[in-house]
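This report describes one protein model, beginning with a local detail and then turning to the whole chain.

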Amino acid sequence: MTITLPGVEKRLQDRYARLVEAHTGHASSVAAGPRLLPDANTTQAAAMAAWRFYHNPRTTFPRLAQPLLQAAATAAAQHCRAFALVNLDWSWLDYRHHASKADRLVGPEGVVGYKLLSALLISDQDGQPLAPLAAQLRTAEGLLSSRFARPRPSGTALDEVAPLLGFLRRLPLGRRPVFLFDQEADSVYHLRLWQRRRCLFVVRGDDDRVVRLGGKGGAEMPLPAVVDRLRRRRAFRRVRRVKYEGRTVGQYVAEAAVVLGRPAWLNRETDGQRQRLVVPGVALPLRLVVTELRAKDGTVLARWYLLSNVPAEVDAATIALWYYWRWKIEAFYRLLKSAGLHLEHWQQEDGRAVLKRLLVAGMACVLAWRLGNSRAPQAAEARRVVMRLSGRQTAYGVPYTREGLLAGTWVLLALQALLEQMPASRLRAMADFVLDGSVEAGPAAPVPLREAG
């Protein structure tokens, strides 16, 4: 896959490729920028070139997103069988110590920064990450998005989702998308809206969610009561074993037909005052898939209430597995924040530059994911070599990690840059010189001893 940026001159294309390659290196929380490959001129020149790139009016958000979308279309054709699974989740970026970022927002628990919404494409065969499809930042300036070039007014977090889903549905992925959400998206109003727009979704329900069992006239009850009824009917069955918090557990699944018939409640601000609006709506029939992760002694370690409008030909066990894979977006955020790129230490001065750099860094992640997912004959050997270059250790029986592939790719690129500057024999001689301690510096000057006291 050639790393190119469409619609710009070769100079900007080359700079984009170099920035993507630089972001494959494991960053440091105390570093001002990404790592530099050995063919860079100076750190000052590289920093200035990056600054000019991120502030160039031609490097718009949609343009920087195009390579990601092209990579996603290629990966979906290779790794998605029936559906394109899209993980969507929010994460606050904490820049409380970055006073120069004047467009920060105040978030929960003392966070001062930006709220990031990511849409991550994963495979419906094994749940592996394929490519970021979109990124949006809520800032004091407004909503910044990879979908449009200029800021727009911000709405509530969920109100901003429907236009994004419409955009994602129109992408040429070759598979119908299914959108996976955590509890933050459990809103009757928005579920009805997404249903009207023919979006397929799997949303984790809240413990307080009240549903009606069966058809018209069925009993209304909270989701935990539905689980009690399913348990009495012995509806749960074990469908597979999965990993949970470092140990192997059983995944059990049961299903019921439910209806969301109550009015929706919306919190809105009118004339500076917060109001709670009642919004009636049509009854929404959904599938309730309850999945439990149980220890060997039967203890329930986790329970998820999954509300979905995915058609019946997809069985409940598959829907449960799809949601189990939702943690992949948490791994993506970990890669961005702490396990690779240290996003919350970036020194860009506003949300616009942060989002542009984030789209560049997303392409670096795609390089590592593409290698991890490759089925080419030479892929296994390439993964072994790149992991050895990374210097990372893995758990027993785990041949590689995505974080290791990202770090090892930078070392591979650095070696390639060096070999273009000098022959391998000279590189080996230089390594011998550095490592054997034979630096000839002449006799050292005597160091006078100081008397005690």
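## Two loop residues and the overall fold

Glu109 counts as exposed, with a relative accessibility of 78%; exposed means over 50% relative accessible area, buried under 20% and partly exposed in between (1.4 Å probe, protein chains only). The model is predicted, so local features need pLDDT of at least 70 and side-chain atom pairs count only at pLDDT 80 or more, while totals for chains, interfaces and linings use all residues. Residues are numbered from 1 along each chain as its sequence is written, and side-chain values use heavy atoms, without hydrogens and water.

Glu109 is not a glycine, yet its phi is positive. Arg234, also a residue other than glycine, has a positive phi. Both are listed below.

| Residue | Phi | Loop | Relative accessibility |
|---|---|---|---|
| Glu109 | about 55 degrees | between β2 (105-106) and β3 (112-122) | 78%, exposed |
| Arg234 | near 55 degrees | between α6 (223-232) and β11 (237-244) | 75%, exposed |

The protein has twelve helices and 16 strands, taken as DSSP runs (helices H or I, at least four residues; strands E, at least two) and numbered from the N terminus. Its C-alpha trace spans about 95 × 65 × 55 Å along the principal axes.

Of the 453 residues, 49% count as buried. Among contacts (heavy atoms within 4.5 Å) with a separation of 6 or more, 63% join residues 24 or more positions apart. The exposed area of the protein is about 23100 Å², and carbon and sulfur atoms supply 52% of it; the area comes from the Shrake-Rupley method with a 1.4 Å probe.
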